[in-house]
Amino acid sequence: MSDETPATRSVRTAFDRRRFLSGTAGIAAAVAAVPALSGVAAAHFPVELDIDVQPGNEDNVIDLDEHEDVSVAVHPSTFLNSDGERERFDPTEREVGYRFGSRGALDDGEGARPVDDGEVTTTERGDREQTTEVLTLSFPVEETGLTSGDDDAWLYWERDESGEHGYSGVDTVSVYGGTPSFEDLVELLRRLLGTER
């Protein structure tokens with residue numbers, strides 16, 4: 001039997017309701033802030049770069065256990081900049097200020113830096129097989145923030161030393177190996193137990 005009186009029960013109920021509402025409001029604010037923060041990052045690095053991860057590998061496979069480096073080819077691209085003017089991005093004429101990896105790592109200011117200034121090569125692309133010069137860079141796999149199961153990888157080019165503005169490019173990838181994520185382990189356990197979501 002409880003020693004709680006109707007008055008203390010009323011106070012406790014009001015307190016519990018206030019704590020619940022406060023916690024719910026905090027969660028809602030946090031959830032609402034995630035897209036806003038992502039939008040800010042996207043606005044600072046609009047997707048304008050033409051990249052090819054693991055050129056020559058159609059599936060763009062990255063094996064976290066086997067590969068030490070990931071190759072990324074940066075092709076010239078032409079687009080309308082934020083001023084509405086036509087701009088050509090030629091990677092062979094720009095400073096080598098790149099970061100490569102998962103979107104989360106890059107948005108946090110992390111990601112892999114190239115091991116050197118890259119190599120300029122010529123390639124043929126498109127229906128007319130035009131020859132263009134591309135910049136091919138190598139990035140250390142362990143610094144990319146990529147995990148098994150990731151299906152895209154990002155490249156940020158930083159306009160200046162602040163690292164807050166520039167352009168980005170994205171390519172589909174197939175990432176294998178490495179330490180499995182918590183979600184991967186849960187999915188494996190579900191399959192072993194024969195349960196469905």
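# Notebook: rings, charges and turns

**Entry 1, aromatic pairs.** I searched the whole structure, which is a predicted model, and found 6 aromatic pairs. I picked out Phe-45 and Tyr-156 for a closer look: their ring centres are 4.3 Å apart and their planes meet at 15°, so I logged the pair as stacked. The cut-off I needed here is that planes under 30 degrees apart count as stacked. I then checked where the two partners sit. Phe-45 belongs to the loop between helix H1 (6-44) and strand E1 (50-53), while Tyr-156 is in strand E9, so to speak a link between distant parts of the chain, 111 residues apart. Both Phe-45 and Tyr-156 turned out to be buried.

I also noted a cluster of aromatics. Phe-79, Phe-89, Trp-157 and Tyr-167 group together into one.

**Entry 2, the overall layout.** I stepped back to get my bearings. I counted 3 helices and 11 strands in the protein. Going along the sequence, I wrote down the pattern α-β-β-β-β-β-β-α-β-β-β-β-β-α. The chain has 197 residues, and 28% of them count as buried.

**Entry 3, salt bridges.** Next I looked up charged pairs. Side chains of opposite charge can pair when their charged atoms come close. How many salt bridges does the structure hold? My list came to 4 salt bridges.

I started with Glu-87 and Arg-94, whose side chains meet in a salt bridge at 3.3 Å, N to O. Are the two partners buried or exposed? Glu-87 has 14% relative accessibility, so I put it down as buried. Arg-94 has 25% relative accessibility and therefore goes down as partly exposed.

Then I moved to Glu-158 and Arg-99, which form a salt bridge with an N to O distance of 2.5 Å. This pair links distant parts of the chain, with Glu-158 in strand E9 and Arg-99 in strand E6, 59 residues apart. I found both Glu-158 and Arg-99 buried.

Glu-158 came up again with another partner: its side chain meets that of Arg-113 in a salt bridge (3.0 Å, N to O). Glu-158 is in strand E9 and Arg-113 in the loop between helix H2 (103-107) and strand E7 (119-125), so this pair ties together parts 45 residues apart in sequence. On accessibility, Glu-158 comes out at 11%, which means buried. Arg-113 is at 40% and counts as partly exposed. Putting the shared partners together, I drew Arg-99, Arg-113 and Glu-158 as one network of salt bridges.

**Entry 4, a charged patch.** I turned to the surface and asked which residues form a negative patch. I wrote down Glu-68, Asp-69, Glu-142 and Glu-143. I followed up on one of them, Glu-142, and placed it in the loop between strand E8 (130-140) and strand E9 (152-158). Why do I call Glu-142 exposed? Its relative accessibility is 73%, and the cut-off for exposed is over 50%.

**Entry 5, positive phi values.** I went looking for backbone oddities outside glycine. Gln-54 has a phi near 50°, a positive value in a residue other than glycine. I located Gln-54 in the loop between E1 and E2. Its relative accessible area is 10%, so Gln-54 is buried.

Asn-60 gave me a second case, with a positive phi of about 50° although it is not a glycine. I found Asn-60 in the loop between E1 and strand E2 (61-63). Is Asn-60 buried or exposed? At 5% relative accessibility, I have it as buried. I also checked a contact across the sequence: the C-alpha atoms of Asn-60 and Thr-172 are 7.1 Å apart, with their positions 112 residues apart along the chain.

**Entry 6, one more loop.** Where does Thr-92 lie? I traced Thr-92 to the loop between strand E5 (86-89) and strand E6 (98-101). With a relative accessible area of 27%, Thr-92 is partly exposed. For a distance, I took its C-alpha to that of His-75, 17 residues away along the chain, and read 8.9 Å.

Definitions and conventions: Residues numbered from 1 in each chain as written. Predicted model: local features only at pLDDT ≥ 70, side-chain atom pairs only at ≥ 80, totals over all residues. Heavy atoms only, no water. Patch = residues over 30% accessible without salt bridge, like charges linked within 9 Å, V, L, I, M, F, W, Y side chains within 5 Å. Areas by Shrake-Rupley, 256 points an atom, 1.4 Å probe, with all protein chains shown as cover. Lys, Arg positive; Asp, Glu negative; His and termini not counted. Charge placed at Lys NZ, Arg CZ, Asp CG, Glu CD. Helix = DSSP H or I, 4+ residues; strand = E, 2+ residues; numbered from the N terminus. Buried < 20%, exposed > 50% of the residue type's maximum accessible area, 1.4 Å probe, protein only. Phe/Tyr/Trp six-rings, centres within 6.5 Å; stacked < 30°, edge-to-face > 60°.
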